[in-house]
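Here is a quick walk through one chain, starting from a single residue and working outwards. Have the model open while you read.

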Amino acid sequence: MEVRLSLSLPRDHSTVPLTRRVLDAALAVFAVTKDCRDDIGLAVGEACANAVQHATSGADYEVTVTIQEDRCIIDVVDDGVGPDSATPPDAPPDAESGRGLRIIHALADMVELRRGQPGKMALRIVKLLTVVPPVRA
């Protein structure tokens, strides 16, 4: 089974926790473990925060989540130019900013940053899912 959620969100910081909660609730329905949901929530939160903060124009950004049997695929698209590559920049551990991509890379199984349609930046995050084992009677 495959489930797809699509959100069109205003570039406002309040949308970051909203997106995390919606995704967490959807993953809980699929019996994804709390640890795995937390990793995905932190990664999507960083991606959304980057879209809100760094997009150069446009009032909205898009988040599309595809939940498959064994993985969660998250696409965050905004009207920005983004960094030159998906390789995280070097930022000191105590830096106020610049650690988002590094955090996403640490939590995800695959990260891809690509330029989409003209003027669009797309970040894809793939996380393999761990599920709560079924209870045996």
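Let's start with Thr15: setting aside neighbours within four places in sequence, Thr15 is in contact with Leu9, Pro10, Val52 and Tyr61. Keep in mind that this is a predicted model. Thr15 sits in helix H1, and with a relative accessible area of 4% it comes out as buried, because the cut-off for that label is under 20%.

**The helix pair**

One of those partners, Val52, leads over to helix H2, since Thr15 and Val52 are both on the list of residues where H1 meets H2. H1 covers residues 15-29 and H2 covers residues 34-54. Their axes lie 9 Å apart, and the two helices pack at an angle of about 150°. That makes H1 roughly antiparallel to H2, given that angles over 145 degrees get that label. As for handedness, H1 and H2 make a right-handed crossing.

Who does the touching? On the H1 side you'll find Thr15, Val16, Thr19, Arg20, Leu23, Asp24, Leu27 and Ala28. Facing them from H2 are Arg37, Ile40, Gly41, Leu42, Val44, Gly45, Cys48, Ala49 and Val52. Sorted by character, the residues of this contact split into 10 nonpolar, four polar and three charged.

**Cysteines**

Cys48 turned up in that contact on the H2 side, so what about disulfides? As a reminder, a disulfide is a covalent bond between the sulfur atoms of two cysteines. How many disulfides does the count come to? The count is zero. Take Cys36: the nearest cysteine sulfur belongs to Cys72 and is 8.0 Å away, so with a cut-off of 2.5 Å Cys36 is in no disulfide. Both Cys36, at 4% relative accessibility, and Cys48, at 0%, count as buried.

Here are the three residues whose burial has come up so far:

| Residue | Relative accessible area | Class |
|---|---|---|
| Thr15 | 4% | buried |
| Cys36 | 4% | buried |
| Cys48 | 0% | buried |

**Zooming out**

What does the whole chain look like? The chain has three helices and five strands, and along the sequence they follow the pattern β-α-α-β-β-α-β-β. H1 and H2 are therefore the α-α step right after the opening strand. Of the chain's 137 residues, 36% count as buried. As for contacts between residues at least 6 apart in sequence, 65% of them join residues at least 24 apart.

Note on methods: Residues are numbered from 1 along each chain as its sequence is written. This is a predicted model: local features need pLDDT of at least 70, side-chain atom pairs count only at pLDDT 80 or more; totals for chains, interfaces and linings use all residues. Side-chain values use heavy atoms; hydrogens and water are left out. Axes are lines fitted to C-alpha atoms, for helices over the stretch in contact, and angles run from 0 to 180 degrees between N-to-C directions. Helices (H or I, at least four residues) and strands (E, at least two) are DSSP runs, numbered from the N terminus. Angles under 35 degrees count as roughly parallel, over 145 as roughly antiparallel, 65 to 115 as roughly perpendicular and the rest as oblique. A crossing is left-handed if the near helix is turned anticlockwise from the far one by less than a right angle, and right-handed if clockwise. Contact means heavy atoms within 4.5 Å. Ala, Val, Leu, Ile, Met, Phe, Trp, Tyr, Cys and Pro count as nonpolar, Asp, Glu, Lys and Arg as charged, and the others, Gly among them, as polar. Buried means under 20% relative accessible area, exposed over 50%, partly exposed in between (1.4 Å probe, protein chains only).
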